[in-house]
Amino acid sequence: MTDATTLATRPVASTGLVDGPRGGKPKRAISPRNVFIYGTLLLVSIYYLLPLYVMIVTSLKGMPEIRLGNIFAPPVEITFEPWVKAWATACTGLNCEGLSRGFWNSVRITIPSVVLSIAIASVNGYALANWRFKGADVFFTILIFGAFIPYQVMLYPIVILLRELGIYGTLWGLSLVHTIFGMPILTLLFRNYFTTVPEELFKAARVDGAGFWGIYFKIMLPMSLPIFVVAIIIQITGIWNDFLFGVVYTKPDVYPMTVQLNNIVNSVQGVKEYNVNMAATIITGLVPLFIYFVSGKLFVRGIAAGAVKG
Amino acid sequence: MTSVSIRDLTLKFGSLEVLKSLNIDIDEGEFLVLLGPSGCGKSTLLNCIAGLLDISDGQIFIGGNNVTWTEPSERGIGMVFQSYALYPQMSVEGNLAFGLKNARMPKHEIASRIARAAEVLQIEPLLQRKPAQLSGGQRQRVAIGRALVRDVDVFLFDEPLSNLDAKLRAELRVEIKRLHHRLKNTMVYVTHDQIEALTLADRIAIMRNGIIQQLDTPHEIYNRPVNLYVAGFMGSPGMNFIEGEISGAGDSDFNFASTQIPLARYPFAQADRPNHAIFGIRPEHVSCGTAASDEPFSTDVEIEVVEPMGADTLVWAVLDGKEFRFRVDGQSPLHAGQSIRIGFDPAKASIFDARSELRL
């Protein structure tokens, strides 16, 4: 309570220093920088949200109102009839069950493909990362190479393959195709994740007497829930949105939702029902949209992980 | 009775020979430290003993059994890792029980073993916690416990204290030593920290490039290093090395620049001596001031830098044109620029052949 305090409380002026700014530097709310950043963000969001707005608005209008041509105007009279029609009664070719059948087809395609592809790919990745078996690098290179082959090249050979297996045109055939095509990217995803798990953990488990499956189920699996969520997101959105494989490898009874949507929108007979088309499109997009919103942060990680694909 | 025997152990990664025909016998209850710089193969050797790496050639025996092809879990070893390697999703109890469950041990036996290990390591209050809720020292204790519950003959430690701060490291070091006194298991301990090696080991194996340079008691390794590498590696600050010539056959001298050090008291291992040699003396074997004049050899040096380190002070000086370090009491009033008399007993020195770098 002597020199130290007097030193600390000595007025600034007496040391010959000019009193001036003190504490944190103040920040201005409206600076050119902020205006530029938020202005750009606003413009881009409008650019992307406007089509969605038009879709929603149009899907809630009746046909007479649409014919007026004011596509940006909100509906005068809100009607949910186009939504009902798109789901239940819209016609594609001969059948008039709407999108509902496609929806259930897609569900029945997506669930086995997602489960199967992730189950296999995670074991692949685990084996590649932790059990460096002979030829592991060659195997991995071949697998990754698969990710770069254009799908078109393989379309027809796979048709023959599925035909020989007797599952061409079935939901199982399409699920198998999705499982196979998901393999390179998912294996890469899991392998990269498992290589970040400390090797010593794996060694400790081996000393503790756990085998290949013991380590996978008891050590690795409980540690890697985030990457499983990422994989599930990638697979669900990817498989749900797939159109090419759906149209090539299935028959009209088992068309997935995307193919059926196309058939509804592109049917050339009669009047173009824009409101039904808009509603059908939104319904089809709801599943991925729901996944995006629910998963949020994890989805961004999924994209970042997918970016490795190049 | 040997506990661990290694015969002609060779490990190659492709064309790279990591371990070169190693032979070690470790006695039952012995504490062996594998010491060396990073990349010398000490951790690799430990992994080979544990069975985590497939060896290219040779044999490994543990407790009299040839375990060369045996799975890690069946070798009768427990291993403690540098990064603790605790299973993050399991509680401490789950971590301890994991190995026992894999061995399909009855529940009551698992419980009693965990209770005993927890008591020995004083981790009883932590049993229900997750590893993330533990401090570094506690984690390492649990990691040791995981080896302990398996009731193995041989403990393998892979740099277990390197991730801890200095204070905790010193505490756990003593605890490991205590544990060894209490359990009397064979322990093989890998470290790059020579203090850990010197304090813990019954014997130290100093490794370099996959070859054991010297395998001996800490005392021998410190005082009679077999070659220049071991001499330079052990001791901090390191030994002073001076290159020069040996003259005369009987009571010879070591000459460099204009200085002559009498070697009459030096215990040469063999009679014939090369001309060119390296003279090594540890900084702590040098005395200064009035005590220096009583030593068999004394001379004046110019002080360049003084490094006070609390308990003692390291002095960097120039001895006839060569850099020369010596250690004095922490209270010493020496300062840079001063000239002072230093001296030492050549019997405490180590002399190496300049060409083969082996001890003379």
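**Nonpolar cores and the contact between chains A and B**

In this predicted model, Ala205(B) touches Ile24(B), Leu32(B), Leu34(B), Leu35(B), Ile212(B) and Leu215(B), when residues up to four places away in sequence are left out of the count. Ala205(B) also belongs to the largest nonpolar core, which holds 143 residues, and together with Val33(B), Leu34(B), Leu156(B) and Val188(B) is among the members that touch the most others. Although these five residues are in chain B, the element that gives the most to this core is helix H8 of chain A, spanning residues 171–196, with 11 residues. A second core, separate from the largest one, is made up of 11 residues, among them Ala90(A), Leu99(A), Val276(A) and Met278(A). In soluble globular proteins, nonpolar side chains tend to be buried together.

Between the two chains, 14 residues of chain A are in contact with 18 residues of chain B. On the side of chain A that touches chain B, helix H9 (199–207) and helix H10 (212–223) of chain A each supply at least two residues, and the largest share, amounting to six residues, comes from H9(A). By residue type, this side of chain A divides into eight nonpolar, two polar and four charged residues.

With regard to domain organisation, chain B is divided into domain 1, covering residues 2–227, and domain 2, covering residues 240–353. The C-alpha centres of these two domains of chain B lie 39 Å apart.

Definitions and conventions: Residues numbered from 1 in each chain as written. Chains lettered and ligands numbered in written order. Predicted model: local features only at pLDDT ≥ 70, side-chain atom pairs only at ≥ 80, totals over all residues. Contact = placed C-beta atoms within 7 Å. Helix = DSSP H or I, 4+ residues; strand = E, 2+ residues; numbered from the N terminus. Nonpolar A, V, L, I, M, F, W, Y, C, P; charged D, E, K, R; others polar. Domains from an automatic or database assignment. Core = buried A, V, L, I, M, F, W, Y, C linked by C-beta atoms within 7 Å. Buried ≥ 20, exposed ≤ 12 C-beta atoms within 10 Å, placed from the backbone.
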